[in-house]
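Me: I'd like to learn how to read a binding site and a buried position in a model. Could you walk me through one?

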Amino acid sequence: MSDDPVFPFPSNGPIPRHVAVIMDGNGRWAAERGLPRHEGHWEGMKAVREVIEGSLEAGIEILTLFAFSTENWQRPEEEIEALMTLLKIYVEQEQAELRERGIEVRVLGDLGRMDEEARAAVDRIQSVTSGGAELRLNLMISYSGRADIVRAARELARKVAAGELTPEQIDDRAFSEALYTGALPDPDLLIRTSAEFRISNFMLWQLAYTEFHITPCLWPDFTRRELFSAVAEYQRRERRFGRVSAP
Ligand code: IPE
Ligand code: IPE
Ligand code: MG
């Protein structure tokens, strides 16, 4: 592999601090093999391990994975159940290793819609991994960008009504901090698998100046090599933030 410029990992420019991923294509991966959709989700868990491993190797600080959207609650009951079961299995199987590797996991989204067992799994993984300093892993579950913005607006409105904040104090920064991602920097790079050219209600505020990388690879086939080639492409981009050249 030594003649491969994107392996082990790219070093021709900055490593994105924060990488976000829309993990899509599990159903299609299963359908291609004549398997039920949940088999695709199961296989997708391996790709989650890969992208975490790759992020640690590359020195990415924050990894945000879109695992289940607000709109995904409209899927058939049995698929939702399979996904929630997978979350519980993931927590059981991975919590010790995540902690050992210094990965701090946060689960962000409207968790009130999940069943008690799934919420308990979320509490467990967050407390077990709390304080990990190698990588911050955000699992976005029952999450959508609009719901995130509406929730932040409500929280700010409540503070104004309580006299804790003036309307003039609501600026970009205050708004960002009221979102689920709080004080974290915005994603530098967004990866979407399965060749869909849409944002599907993901992090609408935070992606304002994020670089997009869309790959035909279906999520269960995603490897760290895919991550590194996305990073290599990112390193060839010029981020201008509305100016005439990079700041
Ligand atoms: C992504 O794969 C996982 C979730 C949205 C939970 P999909 O389940 O959307 O797979 P496709 O898009 O139908 O192939
Ligand atoms: C986006 O994928 C949500 C997640 C990856 C969790 P979807 O499969 O739900 O999005 P659409 O329906 O293709 O836009
Ligand atoms: Mg999909």
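Reply: Happy to; we will go through the ligand site and then a single helix residue. Keep in mind that this is a predicted model.

Me: Which residues surround ligand 2?

Reply: A good start is to list the shell. Here it consists of Ile22, Met23, Asp24, Phe66, Ala67, Phe68, Ser69, Asn72, Arg75, Arg192, Arg198 and Ser200. Strand S2 (residues 62–69) gives the largest share, 4 residues.

Me: How many residues of the shell around ligand 2 are nonpolar, polar and charged?

Reply: Sorting the shell by residue class gives 5 nonpolar, 3 polar and 4 charged.

Me: Which side chains have an N or O atom paired with an oxygen atom of ligand 2?

Reply: A polar contact is a pair of N or O atoms within 3.5 Å. For Ser200, the side-chain atom is 2.6 Å from a ligand 2 oxygen. Asn72 has a polar side-chain atom at 2.9 Å from an oxygen of the ligand, and for Arg75 the distance is 3.3 Å. As for cover, ligand 2 has 390 Å² of accessible area on its own, and the protein covers 79% of it.

Me: Where does ligand 2 sit?

Reply: The place to check is the pocket list: ligand 2 is in the largest pocket.

Me: Now the single residue. Is Leu156 buried or exposed?

Reply: Relative accessibility decides, and buried means under 20%. Leu156 has 6%, so it counts as buried. This residue belongs to helix H5 (residues 145–161). From Leu156 to Gln206 the separation is 50 residues in sequence and 17 Å in space, C-alpha to C-alpha.

How values were computed: Residues numbered from 1 in each chain as written. Chains lettered and ligands numbered in written order. Predicted model: local features only at pLDDT ≥ 70, side-chain atom pairs only at ≥ 80, totals over all residues. Heavy atoms only, no water. Near = heavy atom within 4 Å. Polar contact = N/O pair within 3.5 Å; in protein donor to acceptor, adjacent residues only side chain to side chain. Areas by Shrake-Rupley, 256 points an atom, 1.4 Å probe, with all protein chains shown as cover. 1 Å grid on protein atoms, 1.4 Å probe; cavity = no way out; pocket = protein on both sides within 12 Å on 5 of 7 lines; lining within 4 Å. Sits in = over half its atoms within 2 Å of the grid points. Helix = DSSP H or I, 4+ residues; strand = E, 2+ residues; numbered from the N terminus. Nonpolar A, V, L, I, M, F, W, Y, C, P; charged D, E, K, R; others polar. Buried < 20%, exposed > 50% of the residue type's maximum accessible area, 1.4 Å probe, protein only.
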